[in-house]
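Visitor: I'm new to this one. Please take me in close to the place where the ligand sits, and then show me the charged pairs that can be followed from there.

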Amino acid sequence: MKRLLLIVSGGIAAYKALELARLAAKAGYSVTPVLTKAGAQFITPLSLQALCGAKTHMDLFSLTEESEMGHIELSRAADLVVVVPASADILAKMAAGIADDLATTLLLATDKSVLVAPAMNVRMWEHAATRANMALLKARGVLVVPPDEGPMACGEFGPGRLAEPPVILSAIAGLLGKNNMLAGRHAIVTSGPTHEPIDPVRYIANRSSGRQGHAIAAALAALGARVTLVSGPVNIPDPPGVDIRRVETATEMLKAVESAMPADIAVCAAAVGDWRTTTPASHKIKKNSTPPALQLMENPDILAWIAAAGPQRPRLVVGFAAETQNLTDFAAGKRVVKNCDWMVANNVAGTGIMGGQENEIMLLTARGAEAWPRMDKLELAHRLALRIGEVFA
Ligand code: CTP
């Protein structure tokens, strides 16, 4: 059984550490919790203890605890140390090597890998001091599950929200190699929209956020796959543990995919622009002339190209079908026409799915259609990754 030392520091996101503790215990990890003084302002040692099934440690100078297990031993008995949430304060202390309570002493004394999941107000996250601390910690080998972007408890909006517990758990699983069902496999994932230029300042795009594709890339990496994520322009953090290739246009996306081949798995989640302008203007088009008529031509179909790649064709090719009507028929047709093995079909008509946090899909395979309930895009990514893992088991 793999052992985690779970350090919970202060912040409103501390309640999510309880969910992580619950999931980790359920996944079969032995979890030893450590709660800082600030963390104890948000959750109780008892709730943490109940979910982990192990005593919550809080004091550096506790005679009973030192006689049961000294802090040096506590810091080394784990296979992995995780700090969730990691506040700006604890990150600064880690960067400076300060050891003024049990948690920071353990972090300084440990000889094991440390994974941090930061959570804080967006201004604190973007402050030069935090940026510098994070750069230093990363350079020292501290692993990071980056925060999400979204509305925060303090009323502001931006990056700084703690990553969702299932994402942190898959990062843990990936590091501890617990679930390595895709080890040795290479997966290419396309994600996000494309931008097709009209002139140097204007482009044709779509509403894709890249959330679903990025989550799938992270979930495949967590199962041990080597993942190349080819991403169009997005405003979300890079998923941990993947090789990311950033592109703008469909033509660039195809080139990046070609150069990443061969692969065992391809998941085409990108909302690739179907058309591009035949000749983007080299200077900004001025308004004083009549409105321009855009001459469009078709973009290469990346999914169809991968699925027709002959001997290089990945063993499993998964496409996405975003439809606003006749979902099953259109998606089933696309699965056959594009020669892919699975088609993930979703209805994007006025449902807030495109660009949103949740997704509701039908999984179409050669065996038929399965309707999946509406769920968070992260959870969907993990379920899909596990299904992919079963193909290679
Ligand atoms: N796709 C692709 N390259 C393109 C267009 C689509 O790789 N140039 C992939 C998408 O990543 C997705 C699948 O094809 O996996 C289906 O995309 P979708 O936009 O639903 O279908 P289209 O082929 O564009 O058909 P239509 O727009 O007519 O619905």
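Guide: Here is a walk from the ligand outwards, with salt bridges and a few surface spots along the way.

First, a word on what you're looking at: this is a predicted model, where local features need pLDDT of at least 70, side-chain atom pairs count only at pLDDT 80 or more, and totals for chains, interfaces and linings use all residues. Residues are numbered from 1 along each chain as its sequence is written, and side-chain values use heavy atoms, leaving out hydrogens and water.

Now to the ligand. There are 14 residues around the ligand, and Cys268, Ala270, Phe320, Lys334 and Lys338 come nearest. A residue is near here if one of its heavy atoms lies within 4 Å of the molecule. Some of the backbone reaches in too: Cys268 has a backbone N or O atom 2.6 Å from an oxygen atom of the ligand, and a polar backbone atom of Phe320 sits 2.8 Å from a ligand oxygen. For Ile302, a backbone N or O atom is 3.0 Å from a nitrogen atom of the ligand. On its own the ligand has 570 Å² of accessible area, and the protein covers 77% of that. Areas like this come from the Shrake-Rupley method with a 1.4 Å probe; for residues, only the protein chains shown count as cover.

Stay with Lys338 for a moment. Its side chain meets that of Asp301 in a salt bridge, at 2.7 Å from N to O. A salt bridge here means a side-chain nitrogen of Lys or Arg within 4 Å of a carboxyl oxygen of Asp or Glu. This pair links distant parts of the chain, 37 residues apart: Asp301 is in the loop between β15 (296–298) and α12 (302–307), and Lys338 is in the loop between α13 (327–337) and β17 (342–347). Those labels are DSSP runs numbered from the N terminus: helices are H or I with at least four residues, strands are E with at least two. Asp301 counts as partly exposed because its relative accessibility is 33%, and Lys338 is partly exposed too, at 22%. The cut-offs are under 20% for buried, over 50% for exposed and partly exposed in between, with a 1.4 Å probe and protein chains only.

By the salt-bridge rule, the count comes to 16. Another one joins Glu370 and Arg387, with the closest N and O atoms 2.9 Å apart. Glu370 belongs to strand β20 (residues 368–371) and Arg387 to helix α14 (residues 377–392), so this pair ties together parts 17 residues apart in sequence. Glu370 is partly exposed at 30%, and Arg387 is partly exposed at 23%.

Then there's a pair inside one helix: Arg22 and Glu19 form a salt bridge, their closest N and O atoms 3.1 Å apart. They sit 3 residues apart in helix α1, so about one helical turn separates them. Arg22 is partly exposed at 34%, as is Glu19 at 31%. Elsewhere, Asp89, Lys93 and Asp100 are linked in a network of salt bridges.

One last stop is Ser87, in the loop between β3 (80–86) and α5 (88–96). Ser87 counts as buried because its relative accessibility is 12%. Leaving aside residues up to four places away in sequence, Ser87 touches Ser9, Gly10, Ala119 and Met120, where contact means heavy atoms within 4.5 Å.

Conventions
A polar contact is a pair of N or O atoms within 3.5 Å; within protein, one must be able to donate a hydrogen and the other to accept it, and residues adjacent in sequence count only if both atoms are side-chain atoms.
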